[in-house]
Structures are given as structure tokens and as C-alpha cells.
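User: Please take a close look at the salt bridges of this chain. I should like to know which side chains pair, where the partners lie and whether they are buried or exposed.

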Amino acid sequence: MAASPSRDAILATLARIAVPGGGDLISRDLVRALGVDAGSVRFVIETESADTARALEPVRAAAEAAVAAMEGVSKVSVALTAHGPAAKAPAGAGKGAAPSLSIGRHPTAGPNEVPGVKRIIAVGSGKGGVGKSTVSANLAVALAREGWRVGLVDADIYGPSQPRMMGVTKKPASPDGKTIIPPVAFGVRVISIGMMLPEEQALIWRGPMLMGALQQLMTQVAWGDLDALVIDMPPGTGDVQMTLCQKFPVTGAIIVSTPQDVALLDARRALNAFETLKTPVLGLIENMSTFVCPNCGHEEHIFGDGGVAREAEKHGLPMLGSLPLLLEVRLSGDGGQPVAAGDSPAGEPYRRMARSLIAQLV
């Protein structure tokens with residue numbers, strides 16, 4: 001097969017695709033995130049509004065066909081998106097209807113309050129793959145089992161996993177097309193952008209839309225009176241972290257890491273980010289601290305031993321707990337039944353963490 005075409009060649013092809021109103025895809029600056037990899041080409045056509053995006057569907061199809069016809073191209077993926085607000089919800093949205101909110105609009109200025117919420121707890125990590133979402137879900141459930149009124153926000157907009165982990169399959173209700181009524185699972189009120197989209201659909205949004213979506217998930221949900229709102233943050237130290245800590249009265253953050261040196265490097269960056277944003281760190285959690293073979297009982301520290309505890313001691317922060325790597329935890333999460341919701345030994349570390357956190361915050 002011929003070599004993949006260059007970016008310049010693809011851009012030249014797209015410059016021949018006319019756009020209604022004059023000009024072409026390139027002269028109108030509508031092409032974003034162009035990538036070329038072993039014959040596979042992907043890019044985004046970004047417009048100013050959802051209505052314009054819908055009108056450009058024939059242009060998207062023409063662009064896809066033109067690039068697919070290029071020598072060396074085996075696959076083309078073209079997405080249409082809008083960086084402005086989506087179309088407004090129709091008037092008179094019925095009670096119990098799925099929300100027709102323009103999720104992903106640009107953020108509003110100034111600080112925000114979340115009425116009825118006593119504490120906001122951010123669960124973050126410096127990198128992905130350390131089990132932050134699993135910890136968030138199980139910690140929220142464990143807090144609820146300790147008698148707290150708890151909400152859970154899935155702020156990992158690009159990779160929302162809480163609907164699956166909390167076993168929520170229905171879309172949230174909206175009585176007026178503006179206010180979202182969150183589903184309740186295991187005593188926890190849950191909201192996620194993943195509840196409003198097909199599970200496999202990807203979001204291709206810029207920073208302002210991410211920040212606006214977070215604000216909406218926080219402020220347009222009818223949380224009621226909560227003792228704590230747990231925020232499952234995306235990995236890293238980007239726009240969502242800044243928006244949460246600068247625009248909302250965050251009580252504190254919890255950092256999740258594995259003992260592995262590479263993970264700890266990023267955990268230190270997360271610590272530094274929360275300090276820079278003047279957000280207290282409530283403690284550290286070491287996930288996947290040890291693995292016990294289910295067949296022979298042999299225990300192995302496959303990611304290292306005690307690295308997070310040493311980091312907590314170094315910074316004078318509480319060590320909230322060490323969580324083993326267990327097959328039961330993974331199966332429970334995939335099955336929509338957080339292990340903390342049951343009485344098995346695998347859920348006990350989360351219950352201990354919840355009691356420790358309550359003692360610290362009350």
C-alpha cells in the first residue's frame with residue numbers, strides 16, 4: 001500500500017471543499033485536530049453553533065469522500081462539532097423527560113455556589129489508570145452507608161465511567177428542560193455527561209466547553225441537601241481542575257496514586273496543582289498497593305511498596321488508606337455494583353476511609 005498522504009496534501013484537498021456562504025473548509029478555518037496514522041485520517045469540522053453544524057453535514061460527507069479517494073488513505077473519520085451553545089430546548093419539556101440542556105456551553109463568569117451542598121470533595125490523580133474513578137464511586141457509596149447524604153459528579157468529561165460503575169442506565173429526568181433530577185444509586189445521587197450520550201460516543205470539545213459543562217453539572221442539578229458532593233476529576237492538572245477550584249468552594253482534594261515511581265511523579269504534580277489553586281489536600285490514597293493471588297494466597301507488591309505512604313509523610317498529609325488490587329473490585333465496577341455497597345472484605349477498606357474522612361471533616 002502507498003504511504004499515507006502528508007498533512008499538507010490533505011489540507012490542500014480540504015481546501016477544495018466549498019462551504020455555504022463562500023470560501024472553503026481551510027479558508028474558513030473550520031478544520032481541527034487533523035491526524036494521520038498508517039493510512040488512517042481523522043479530523044474535526046468545528047463550527048460556531050449546533051445549527052450550523054447540522055447544515056454542514058453535506059460538507060462533512062464531501063470532505064470524507066474527497067480524503068478517502070486520496071492515494072494511501074485506508075480509513076477516514078470526520079466529526080462535526082460546535083464550539084458555541086447547542087440549540088435551545090423546546091418549550092414545555094414534560095416532567096420526567098430526558099434533559100435537553102445545552103451541555104457544553106461556555107462558562108459563566110464569577111464564583112459559583114452549589115445550593116444545599118455542605119462539602120465539595122475532589123478526587124484527583126496526576127495520571128490516568130490509577131483507579132481514581134473506582135475510588136470515587138466506592139468512597140461515595142461508603143460515605144452514604146455511614147449515613148451521609150452524598151452526591152457524585154463524573155467530571156471526567158472525555159472518559160465518563162460512573163454510569164457503568166454505579167449501574168445507572170436511565171437518563172436523568174428534567175421537569176423543565178433546565179434543571180436535572182439526578183438518578184440515585186446505592187444511596188448516592190449521580191450525574192455524568194455519559195448519561196446523556198450513547199456509551200461509545202466521543203466528545204470533541206475545547207477547554208471552554210469543558211469548563212461550561214462542569215459548571216452545569218454542578219449548578220443545574222437538583223442535589224437537595226448534601227453532606228458531601230464527591231467529584232471524580234479527570235486525570236492531570238488542566239482546565240477542569242482549575243475551573244472547579246477557582247469557581248467553587250472546594251472543601252478539599254484527595255489524591256489517588258499507585259506506589260509506582262512513575263505514578264508518584266504525577267501525583268506530586270497533582271499535589272502541587274492543588275496547592276497552587278489554594279485547595280486543601282485532605283489526604284492520599286494508595287491504590288493497587290498489593291496483589292494477593294486468589295489461588296495460592298501469595299502476596300506481591302507488583303507496583304512497589306509504600307511509596308504513597310512515604311509521600312504523605314513527606315508532605316505532612318493524612319494517609320487515608322491502602323487498597324489492594326482485587327479481581328472482585330474490578331468485576332463489581334464493571335457490573336455496576338460498587339464493592340463498597342456490599343459487606344464483603346473487599347469493601348472494608350473503603351468503609352474505613354469513609355469513617356476516617358468523616359472524622360476529619362466533622
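**Salt bridges across the chain**

Analyst: In this predicted model, Asp343 is an exposed residue, its relative accessible area being 65%. Its side chain meets that of Arg145 in a salt bridge, with 2.7 Å from N to O. Asp343 belongs to the loop between helix 10 (327–334) and helix 11 (348–361), whereas Arg145 is in helix 4, so this pair ties together parts that are 198 residues apart in sequence. Arg145 counts as partly exposed, at 38% relative accessibility.

Helix 4 also takes part in a second pairing, through Lys132. This residue forms a salt bridge with Asp232, and the closest N and O atoms are 2.9 Å apart. Because Lys132 lies in helix 4 (residues 132–145) and Asp232 in strand 8 (residues 228–232), the contact ties together parts separated by 100 residues in sequence. Both Lys132 and Asp232 are buried.

A further pair is formed by Glu311 and Arg268, whose side chains meet in a salt bridge at 2.9 Å, N to O. Here too distant parts of the chain are linked: Glu311 is in helix 9 (residues 307–315) and Arg268 in helix 8 (residues 261–276), 43 residues apart. Glu311 has a relative accessible area of 5%, and therefore counts as buried, since the limit for that class is under 20%. Arg268, with a relative accessible area of 33%, is partly exposed.

Beyond these pairs, Glu146, Glu348, Arg351 and Arg355 are joined into one network by salt bridges that share partners. The count of salt bridges comes to 12. As to the underlying principle, side chains of opposite charge can pair when their charged atoms come close.

Helix 3 may be added for its own pattern of burial. Its buried residues are Val59, Arg60, Ala63 and Val67. These residues cover an arc of only 100 degrees around the axis, and therefore lie on the same side of helix 3. Helix 3 (residues 57–68) has 12 residues, which at 1.5 Å a residue should span 16 Å; the end C-alpha atoms are 16 Å apart, in agreement with that expectation.

In summary, the burial of the partners can be set out pair by pair. Lys132 and Asp232 are buried. Asp343 is exposed, and its partner Arg145 is partly exposed. Glu311 is buried, while Arg268 is partly exposed.

Technical notes
Residues numbered from 1 in each chain as written. Predicted model: local features only at pLDDT ≥ 70, side-chain atom pairs only at ≥ 80, totals over all residues. Heavy atoms only, no water. Salt bridge = Lys/Arg side-chain N within 4 Å of Asp/Glu carboxyl O. Helix = DSSP H or I, 4+ residues; strand = E, 2+ residues; numbered from the N terminus. Buried < 20%, exposed > 50% of the residue type's maximum accessible area, 1.4 Å probe, protein only. Expected span 1.5 Å × (residues − 1). Arc of directions from axis to C-beta.
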